[in-house]
Amino acid sequence: MRFTASTILALTCLLAPAGNLLAAPPPDTVEFRFAPRPGRAIRQRIVTRTVGATRLPPPLPEMKFTQTFEQELTTTCKHTQPDGSAVMELVQDRLAIRASSGPMSVQIDTRTFDPQQPQDAMTRMMGQVLKAMTGSRITLTLNAAGKPAKVEGIKEVFDRVVREVKESPGDDWMARATRQALGQVFEQLGTVFEDESMLRQMEAYYRIAPSKPGVFRVGEKWDHEWRMDLPMLASTCTARGEYELVGIEKFRGRPCAKIRLKETFSVTSQPDKEEQTKPSNPLGKLFEQMEFSLQSSSGDGIAYWDYTDGTLVQLRQTQRITLDARMPTPATAPEGRPTEKTDTADTQEPPPLPGGQLTQQFTTSISMDLIEDGEESDTLPASETPEPGTQVPG
């Protein structure tokens, strides 16, 4: 026994210098790593809450609206590549929405939605769409730095939605009309939301960590700028994000970098686009008639990022957004646009929109949380989901 104790003591003394050399960086510095493990699954919950109002052309009254959209998804590392990249599979496990606008309201949870139960047309319509999207699978390739490099499977998701909506139950005229309308809408969306455009949207949650390797000290900042075409809106989105490492701490049992972020964006219509780049889908042609701008302000938030493997543990962010849209009257429609009612079946052009100004002002708060093993996948308590407009802690 003495020999064993002496041996352990001696080895401890010998290895102590090496242990000091391999010790973690000082508490005021951190190195961000991307360490995917094949077979590892990560579950996350995203809750988006929106509160705002729409001002329509007189004499229509102002209309207030609220919406809470929840999604739970599982991301599984299928395999890693020799260059350090990884192929991930994303599965939508659950979708839910609670929304009200004026006299209309809807509440749907894909865990409990049953199209066979009596319900109003709006609930049935939205429930069929969300139910069809649940279980959809998308393949995402992340590069060696953990940033999205490729997305596959978006078209298959839209094809599935169209197929299941068209085969949904109901023989009354409202059910038939709903099936036809939804089928047409998602067929058109499938030509717009392709793999490349979805890749740009997915980059948002991976943009929080710095793109360059190395050790970062508390107080250091980095930024990102990006631009994204939105064919369906006949417009372009330009955005900027500013990020700062404000702390390094244990959060929910994980070693995390605490990151303050501020992101802003603007979307403007493109009336001067060349003819060959104009949208060819009906939705794009409809939006092309508008002159509009979409501006965000604040965009403040706090993220906790597990720097040892590249996992977003929690995000809280609030943005204030203003939308201004002007629909030209037929008499003032831009040159080359129809000023009289036309046969859309022959021309494939949408009829001109009625004139007037529409303004929306709303606040959106986003919360993303890691769902740990054994944790119930219920909605976060209201106390943990920030109300839109409240100050983000940190």
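**Entry 1: D109 and R111**

I started with D109, which forms a salt bridge with R111. I looked up the gap, and the closest N and O atoms are 3.3 Å apart. Note to self: this is a predicted model, so every value here is computed from it. Next I asked myself: is D109 buried or exposed? D109 counts as buried because its relative accessible area is 16%, and the cut-off for buried is under 20%. R111 has a relative accessible area of 46%, so I put it down as partly exposed.

Then I checked which other residues join in. D109 and R111 belong to a network of salt bridges that also links R45, E70, E72, R94 and R98. I jotted down a general point here: side chains of opposite charge can pair when their charged atoms come close.

**Entry 2: the hairpin around β4 and β5**

D109 made me look at strand β5, which covers residues 104-109. Which way does β5 pair with β4? The two strands run antiparallel, with six bridges between them, and β4 takes in residues 86-101. I picked out one pair to find on screen: A99 has V106 as its bridge partner in β5.

β4 and β5 make a hairpin, and two residues sit between them. I clicked on G102 in that turn and noted a positive phi of about 60 degrees.

**Entry 3: two more salt bridges**

How many salt bridges does a search of the whole structure find? The search gives 19, and I looked at a couple more of them.

R33 pairs with E31, and here the closest N and O atoms are 3.7 Å apart. R33 is partly exposed because its relative accessibility is 44%. E31 comes out at 32%, so I wrote partly exposed for E31 too.

R240 and E242 also meet through their side chains in a salt bridge, at 3.4 Å from N to O. R240 has a relative accessible area of 29%, which means partly exposed. E242 is at 40%, so E242 is partly exposed as well.

**Entry 4: strand β11**

I moved on to β11, which spans residues 254-269. I looked up two of its residues, S266 and K258.

S266 is buried, because its relative accessibility is 18% and the limit is under 20%. What does S266 touch, leaving out residues up to four places away in sequence? My list reads T236, C237, T238, L294 and Q295.

K258 has a relative accessibility of 15%, so K258 counts as buried. I also checked K258 against L245: they are 13 residues apart in sequence, and their C-alpha atoms are 6.0 Å apart in space. A general reminder for looking at strands: in a regular strand the side chains alternate between the two faces of the sheet.

**Entry 5: the whole chain**

Last, I zoomed out. I noted seven helices and 14 strands in the chain. What share of the 394 residues is buried? It is 42%.

I also looked at contacts between residues at least 6 apart in sequence: 68% of these join residues at least 24 apart. The accessible surface of the chain comes to about 21,800 Å². Carbon and sulfur atoms account for 55% of that surface.

Methods
Residues are numbered from 1 along each chain as its sequence is written. This is a predicted model: local features need pLDDT of at least 70, side-chain atom pairs count only at pLDDT 80 or more; totals for chains, interfaces and linings use all residues. Side-chain values use heavy atoms; hydrogens and water are left out. Two strands pair if DSSP finds at least two bridges between them. Helices (H or I, at least four residues) and strands (E, at least two) are DSSP runs, numbered from the N terminus. Buried means under 20% relative accessible area, exposed over 50%, partly exposed in between (1.4 Å probe, protein chains only). Contact means heavy atoms within 4.5 Å. Accessible areas come from the Shrake-Rupley method with a 1.4 Å probe; for residues, only the protein chains shown count as cover. A salt bridge is a side-chain nitrogen of Lys or Arg within 4 Å of a carboxyl oxygen of Asp or Glu.
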